[in-house]
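User: I am new to this structure and would like to go through it in questions and answers. Please show it to me before we begin.

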Amino acid sequence: ERRRPLKKNGPSGEGLRSPPRIAVVGAGARGLYYGARLAKHLRESCGPNRSVAFLARRDARHLRTRGLHVRSIEGDFTLTPDDYTVFEDAQTFARESEAHEERIDLLLIGLKTTANEPAYRESVLPLWTPGRTSVLCLQNGLGNEALLAQIGGPERAKPLFGGTAFLCSNRTGPGEIDHTEHGLIHLAPYLEPPSAGDRAGGLREAENIAALIRAAGVECSARPGYVAMRWRKQIWNVPFSALCTIHDRPTAALLAMPGMPERVAAIMREVITLGCGVHASLHAAAKSVREAGVYVGEYTLTAEGDAIIAEQLAKTATMGAYHPSMLLDARGGRPIASAAIVDACVVERNTHAPDLAIPEIARIAEELRAV
C-alpha cells in the first residue's frame, strides 16, 4: 500500500517524515507493545497508513488475520490487520519497499540477544539504508550497539541509537500482549562524530525519535550520554533477571526470600561501581583519540547510588509477580540472555577496570551457568 504524502512537520515530531515508515525487528513482548503504540498513534493522527511493519514468524499468520490486542494499565486497545504490515523475510520486504520508494525511516530492534550475529545480518542490515534509516536498539544488556556498528559498517553506524526500555510486558498468546507496569524509554546516540556540529545533529535526531515515541503515549527521553543510560538499566537487569532465573521465582516471591533484598542491593552497588569504571576508561580514551567514539557523557549514578537502589527496589515491589524474560526463557527451555546481561559485566570489568573486584556479579554468573 502506498504511503500518504509526506508532511514537513507532523505528529511524529519535528524533522521526521510524517507518517514515518517504521519496522520492528523482534516481535516479542517488547517489540509488539511499542510497535502497537506507534501504529495506533499513526492511525489516529494520519489516518489508515500501515506505516508500521513487524518482522514476525511464530505470530505472522495470527497478526495477518486476527490483529493485535494489547491489555494495558494505560487502557486496552486492538489493532486490525489493516493498521500495520507483517513480513517474514527482511530481504524480500526491503526489495519491495525500495521498489515502492518506501524505505524504512526508523528501525526498532527488540530481538533476543542470544542470536545477535545471524539476526543482525539477516534481519537488520537489509532494512538499514545508509543516510536514511535511524536504528534504535531496545535490546537488554551490553555490547549490542557495538556489534551493530561493526556489522553495519561506518556508512551505517552514525544514525545508531541505544535505548533502554523500563517495561513490564509479556506475550500471553499469539498477537496478545499484557502490559502490566511502566514503559519508560531512555535513548541516546551511540557513536559520537568528530565534529561538534555533527554531535548536535545526533542529539537533535535522538530528540526527534523521542518526540515520536512520546506522541504514541510512551514516556521517553533523549539522553546526551550513552554509557550512563545503558548501565542504569543494568542496575535492575543484572540482579533480577539472574536471581529470578536462578531461584525460578518471579520478582515478588524472590524479594520475599530471607536476605534477598540485601543481596539484590549488593549486586546493584557493584553494577553502579563497575559502570563508573567503564565510563572512566571510555572517557580517558575519548580524550586520547581523535576519531569518533562512544557518546560518553556524564556519569552520575555513583553519587545517586543509594537513592537509585531504593527506587529500583520500590518500583519492583509494585510489579507483583513479574516474570523477567530470562526466567520465562529458562522455563521454556530456550537459550537465556545471560551473556549480554551478566557475563558481559565480567568482560567489561576485564577490559576497562581489571583491578575492580565484583564478587557478587561473579557469583551469579557462576550460578547462571549451573542453571
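**Strand β6 and the cores**

User: Are the side chains on the two faces of strand β6 (residues 106-109) buried or exposed?
Analyst: The model is predicted, so local features need pLDDT of at least 70 and side-chain atom pairs count only at pLDDT 80 or more, while totals for chains, interfaces and linings use all residues. Residues are numbered from 1 along each chain as its sequence is written, and side-chain values use heavy atoms, without hydrogens and water. In a regular strand the side chains alternate between the two faces of the sheet. Leu-106 and Leu-108 on one side of β6, and Leu-107 and Ile-109 on the other, are all buried (under 20% relative accessible area, 1.4 Å probe, protein chains only).

User: Which residue of β6 stands opposite Cys-137 in β7?
Analyst: Strands and helices here are DSSP runs, numbered from the N terminus (strands E, at least two residues; helices H or I, at least four). Strand β7 (residues 134-137) runs parallel to β6, joined by four bridges. Opposite Cys-137 stands Ile-109.

User: Which helix contributes the largest share of the largest nonpolar core?
Analyst: A nonpolar core is a set of buried Ala, Val, Leu, Ile, Met, Phe, Trp, Tyr and Cys residues joined through side-chain atoms within 4.5 Å. The largest has 77 residues, and Leu-107 and Trp-231 are among those touching the most other members. The largest share, 13 residues, comes from helix α8 (residues 226-247).

Terms used: Buried < 20%, exposed > 50% of the residue type's maximum accessible area, 1.4 Å probe, protein only. Pairing = 2+ DSSP bridges.
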